[in-house]
Amino acid sequence: MKKEYSAGGIVFRKNNSGWEVLLIRDMNNTWTFPKGKIETGETPIQAAIREIMEETRIGNLVVKKALPPIHYTFERNGKVYKTVRFYVFTTSDTQTNPQHDEGISTAEFFDSNAARGMLGYMDTQTELYRKALQLL
């Protein structure tokens, strides 16, 4: 079985009414968090920052905490075992610019409570997001 390693981030920003979270609409038309493969020579945190910036153009990232890794399998020319490291970040940036050439149609901030009901990939994202909210 092939193994794949990725990293990404759950990015929050504070506004007058509370916390907002950054979500992307991916190539499957599903709302999720920015993430991508860890490149050779990168640490997971470096990959997470790079992927967030590439996929959303959001910068000024301040890392708050690493979340426990998530693991799952999927099919792509055989079974792939994937490990993803997510980190909680804050930012003061407001403008997003989705990476359309990677299949990301939208990148925007949503009220942190509303975002909970929007997330796809429920088997991994719901618990991950719950843990991230506890760190604010």
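In this predicted model, the side chain of R50 comes within reach of the backbone oxygen of K37, at a distance of 2.9 Å. R50 itself sits in helix α1, which covers residues 44-56. With a relative accessibility of 15%, R50 counts as buried, because the limit for that class is under 20%. Once neighbours within four places in sequence are set aside, the contacts of R50 are K37, E39 and E42. K37 thus appears twice in the surroundings of this arginine: as a residue in contact with R50 and as the owner of the backbone oxygen that the side chain of R50 reaches.

A second arginine, R13, makes a useful companion case. R13 belongs to strand β1, spanning residues 2-15, and is buried, its relative accessible area being 15%. A polar atom of the R13 side chain lies 3.3 Å from the backbone oxygen of D93. The backbone oxygen of T94 is likewise found 3.3 Å from a polar side-chain atom of R13. Residues up to four places away in sequence not being counted, R13 touches G18, W19, E20, T91, D93, T94 and F109. D93 and T94 are therefore listed among the residues that R13 touches, and each also offers a backbone oxygen to the picture, D93 at 3.3 Å and T94 at 3.3 Å.

Attention turns next to an aromatic residue. W31 is placed in strand β3, which consists of residues 31-32. Its relative accessibility of 10% puts W31 in the buried class, since that class takes in values under 20%. Neighbours within four places in sequence aside, W31 is in contact with L23, I24, R25, T106, E108, F110, M118, L119 and G120. W31 and Q125 are 94 residues apart along the chain, yet a separation of 10.0 Å is found between their C-alpha atoms.

D123 offers a contrast in exposure. This aspartate is part of helix α3, made up of residues 122-134. At 68% relative accessibility D123 counts as exposed, because the class begins over 50%. From D123 to T83 the C-alpha to C-alpha distance is 14 Å, with their positions 40 residues apart in sequence.

These individual sites can be set within the whole chain. The protein chain contains three helices and eight strands, and the order of its elements, read from the N terminus, is β-β-β-β-α-β-β-β-β-α-α. Along the principal axes, the C-alpha atoms occupy a box of roughly 50 × 30 × 25 Å. The radius of gyration of the protein chain is 14 Å, in agreement with the value near 14 Å for a compact globule of 136 residues.

Packing and surface can be summarised in a similar way. Of the 136 residues in the protein chain, 44% are buried. Among contacts with a separation of 6 or more, 69% join residues that stand 24 or more positions apart. The exposed area of the protein chain is about 7300 Å², and 49% of that area comes from carbon and sulfur atoms. As for charge, the protein chain carries 18 positive and 16 negative charges, and the mean positions of the two sets lie 7 Å apart.

Definitions and conventions
Residues numbered from 1 in each chain as written. Predicted model: local features only at pLDDT ≥ 70, side-chain atom pairs only at ≥ 80, totals over all residues. Heavy atoms only, no water. Helix = DSSP H or I, 4+ residues; strand = E, 2+ residues; numbered from the N terminus. Buried < 20%, exposed > 50% of the residue type's maximum accessible area, 1.4 Å probe, protein only. Polar contact = N/O pair within 3.5 Å; in protein donor to acceptor, adjacent residues only side chain to side chain. Contact = heavy atoms within 4.5 Å. Rg over C-alpha atoms; globule rule 2.2 N^0.38 Å. Areas by Shrake-Rupley, 256 points an atom, 1.4 Å probe, with all protein chains shown as cover. Lys, Arg positive; Asp, Glu negative; His and termini not counted. Charge placed at Lys NZ, Arg CZ, Asp CG, Glu CD.
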